[in-house]
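Here's a quick walk through one model, going from loops to strands to helix packing. Have the viewer open while you read.

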Amino acid sequence: MRTLVADHPLVTHKLTHLRDVTTDRATFRTLADELVTLLAYEATREIRVTDVTVTTPVAEAAGARLAVPRPLIVPVLRAGIGMLDGMTRLLPMADVGFVGMVRDEDSLQASTYADRLPADLTGREVFVLDPMLATGGTLVTVISMLARRGAASVTAICLLAAPEGLARLEEAFPSDEVRVVSGTVDERLNSKGYIVPGLGDAGDRLFGAV
């Protein structure tokens, strides 16, 4: 697995506001959306393209277009929905699938309650959206599902990551075909499996407490 931390002043600036407990829901949604677009720019740096030639009003020009099959974007419900617009803004031609995951707050184990993914992902590049990489259980489950269906590569885009979650993914997926792109890596997890200092529950801050 490869990890890329987006070390950019704009990312740090927006993450700082995102963490602030006084940031209201509307502003939180806007910041999350903007952050995803910034992170997606880095996450798609290695996206596959096909060389083409086009005719300009002046002459022919060499260029590139995204390769076929089209990439797939997979937000992890429910918090990943808050990242979808920012990602599709950059990749409007991509297909979108959904995975619903819920974590048991006692065992910290993730289980699947919804699966809306293509049965065959052979040769496809997949981008998974999950705001918080904490214990890593959710992403291990989702990436394993995608790999079993033949995904050529999987890139997880997270706003925040914990060292424990990154280590778990590294152990589960040693291949370079799995990547994590994160806005930052925080200090640690607490006894409840929350990222410290983190930003709280991303789903609750995006959509309200359930």
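## Loops, strands and helix pairs

Proline 197 sits in the loop between strand E14 (195-196) and helix H6 (202-207). The peptide bond leading into it, from valine 196 to proline 197, is cis, with omega near 5°. Helices (H or I, at least four residues) and strands (E, at least two) here are DSSP runs, numbered from the N terminus.

Before going on, some ground rules. This is a predicted model, where local features need pLDDT of at least 70 and side-chain atom pairs count only at pLDDT 80 or more, while totals for chains, interfaces and linings use all residues. Residues are numbered from 1 along each chain as its sequence is written, and side-chain values use heavy atoms, with hydrogens and water left out.

Another cis peptide bond runs from valine 68 to proline 69, with omega near 5°. Proline 69 belongs to the loop between E3 and strand E4 (72-77).

Now the strands. Two of them pair if DSSP finds at least two bridges between them. The table lists three pairings.

| Strand pair | Sense | Bridges | One bridge partner pair |
|---|---|---|---|
| E2 (residues 49-55) and E3 (residues 60-66) | antiparallel | 7 bridges | valine 54 and alanine 61 |
| E4 and E6 | parallel | 2 bridges | leucine 77 and glycine 100 |
| E6 and E7 (residues 110-116) | antiparallel | 6 bridges | valine 99 and aspartate 115 |

E2 connects to E3 by a hairpin of 4 residues. E6 appears in two rows: it pairs with E4 in the parallel sense and with E7 in the antiparallel sense.

Just before E6 comes a residue worth a look. Glycine 97 is in the loop between strand E5 (95-96) and strand E6 (98-103). Is glycine 97 buried or exposed? It is buried, because its relative accessible area is 0%; buried means under 20%, exposed over 50%, and partly exposed in between, with a 1.4 Å probe and protein chains only. Leaving aside residues up to four places away in sequence, glycine 97 touches Leu72, Ile73, Val74, Pro75, Arg116 and Leu117, where contact means heavy atoms within 4.5 Å. Its C-alpha is 6.2 Å from that of isoleucine 73, although the two are 24 residues apart in sequence.

On to the helices. Two packed helices are described by the angle between their axes and the distance between the axes. The axes are lines fitted to C-alpha atoms, for helices over the stretch in contact, and angles run from 0 to 180 degrees between N-to-C directions.

The axes of H1 (residues 9-19) and H2 (residues 25-43) come within 10 Å and cross at roughly 155°. H1 and H2 are therefore roughly antiparallel; the cut-offs are under 35 degrees for roughly parallel, over 145 for roughly antiparallel, 65 to 115 for roughly perpendicular, and oblique for the rest. In H1, Leu10, Val11, Lys14, Leu15, His17 and Leu18 meet Phe28, Leu31, Ala32, Glu34, Leu35 and Leu38 of H2. By class, that contact has 9 nonpolar, 1 polar and 2 charged residues. Ala, Val, Leu, Ile, Met, Phe, Trp, Tyr, Cys and Pro count as nonpolar, Asp, Glu, Lys and Arg as charged, and the others, Gly among them, as polar.

H4 (residues 137-148) and H5 (residues 163-172) pack at about 30°, with axes 9 Å apart, and are therefore roughly parallel. Gly137, Leu139, Val140 and Ile143 of H4 meet Arg168, Leu169 and Ala172 of H5. That contact has 5 nonpolar, 1 polar and 1 charged residues.
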